[in-house]
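Hello,

Here is the structure I said I would pass on. Please open it first, then read my notes below.

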Amino acid sequence: MNPDKKRALKRNIEGYAFLSPFIILVTTLYILPAILTIIMAFTSLNSSFIWNFVGFTNFTKILKDPNTGTIVQNTIVYIVITIAITIVLQLFFATLTTYFIRNEKIGNFFKSMLMIPMITPTVVYSVLWLWLLDSSENGVLNQWYMALTGNAPVNWIATYPFEIVIFVQILTSIAYGTTIYSSAIKSIPENQFKAARVDGAGEWEIFKHIILSNLKPHILFIALWETLGLLTNYIAILLITDGGPGVKTEVWALSAYHKAFGNLQYGYGAAISLVLIIVVAALMLIIGLVSRRMKRKEVLAHG
């Protein structure tokens, strides 16, 4: 064998040897479960663990389920409202801590405070909310409410379930986008701001025409990334409202969990998950395209 080919083969073997733990991990935890989910989606698998293939029966059941329309609507409204509010707050805090607060230490302190809900384990975070919103007189919010109004305690979770899960999710989402936007604002050339001030532009005009204009690709990326997270993450909703009352806060991913592990209809739950996998795969493809577009723009901007 040619010496050059031998060296190339050796490098390839060494490379795959170093990558093998990662490849095994990804295959075991991601690829195999995805394949298994696809197979299960076409079976009537339940607590008896008998794999009877039923074709598209599970997908027909999804269409016939009277709650499907409500669950889809809940998912869309949950994602749209959460992302819209989150992006506005992320832009506000990023601009505040990076553009208006010039002291980097102070800005970083505020951003670290925003990180607390994001880095807190979801179970702990959800338990804290259950404690704050406890419907009894011992609930923290009810203690304040009764002290201020003199009224009886309120079952906050039952009365405002959707508003609560959206608010809880928003608090955990602010930090990520704020960090991304802050880095993007720092990369804007200072001469753009100086030129705008010389032309008599106010702070709102600077934000709208310089900061916001430069952040548009990043906003699109964050919106897509947050959508991906909201589609697949249901732990906080499960722990705080469990999709209730009724199906008022039931979203698509939580529905798959309830069907599979609540009703022990594993095949049906897998079918619901497969629909989600297809949506997530399409979204990841879009994110990849947006990322490449952003990189090309950065190359052109610095070229």
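The lining of the largest pocket has 18 nonpolar residues, four polar ones and no charged ones. Please keep in mind that this is a predicted model.

The largest pocket holds about 780 Å³ of space. Its lining is made up of 22 residues, and the closest to the pocket centre are Pro33, Ala34, Thr37, Ser273 and Ile277. Three elements give two or more residues to this lining: helix H1 (3-40), helix H12 (252-262) and helix H13 (266-302). Which helix gives the most? That is H1, with eight residues.

Now the annotations. They come from an unreviewed UniProt entry. Under "transmembrane region", UniProt lists residues 16-42, 76-101, 113-133, 153-176, 219-240 and 266-290.

I looked at two of these spans in the model. Residues 76-101 are 96% helix and 0% strand. The end C-alpha atoms of that span are 36 Å apart. Residues 219-240 are 91% helix, again with 0% strand. Here the end C-alpha atoms lie 29 Å apart.

The unreviewed entry also carries the annotation "domain: ABC transmembrane type-1", which covers residues 72-287. How much of that stretch is helix, and how much is strand? Over residues 72-287 the chain is 81% helix and 0% strand. The end C-alpha atoms of residues 72-287 are 22 Å apart.

To find the pocket on screen, start from Pro33, Ala34 and Thr37, which are among the residues closest to its centre. Then look for Ser273 and Ile277, also in that group.

Best wishes

Definitions and conventions: Residues numbered from 1 in each chain as written. Predicted model: local features only at pLDDT ≥ 70, side-chain atom pairs only at ≥ 80, totals over all residues. Heavy atoms only, no water. UniProt positions renumbered as here; feature names shortened; annotations may be inferred. Helix = DSSP H or I, 4+ residues; strand = E, 2+ residues; numbered from the N terminus. 1 Å grid on protein atoms, 1.4 Å probe; cavity = no way out; pocket = protein on both sides within 12 Å on 5 of 7 lines; lining within 4 Å. Points joined across faces, edges and corners; volume = space filled by probe spheres on them. Nonpolar A, V, L, I, M, F, W, Y, C, P; charged D, E, K, R; others polar.
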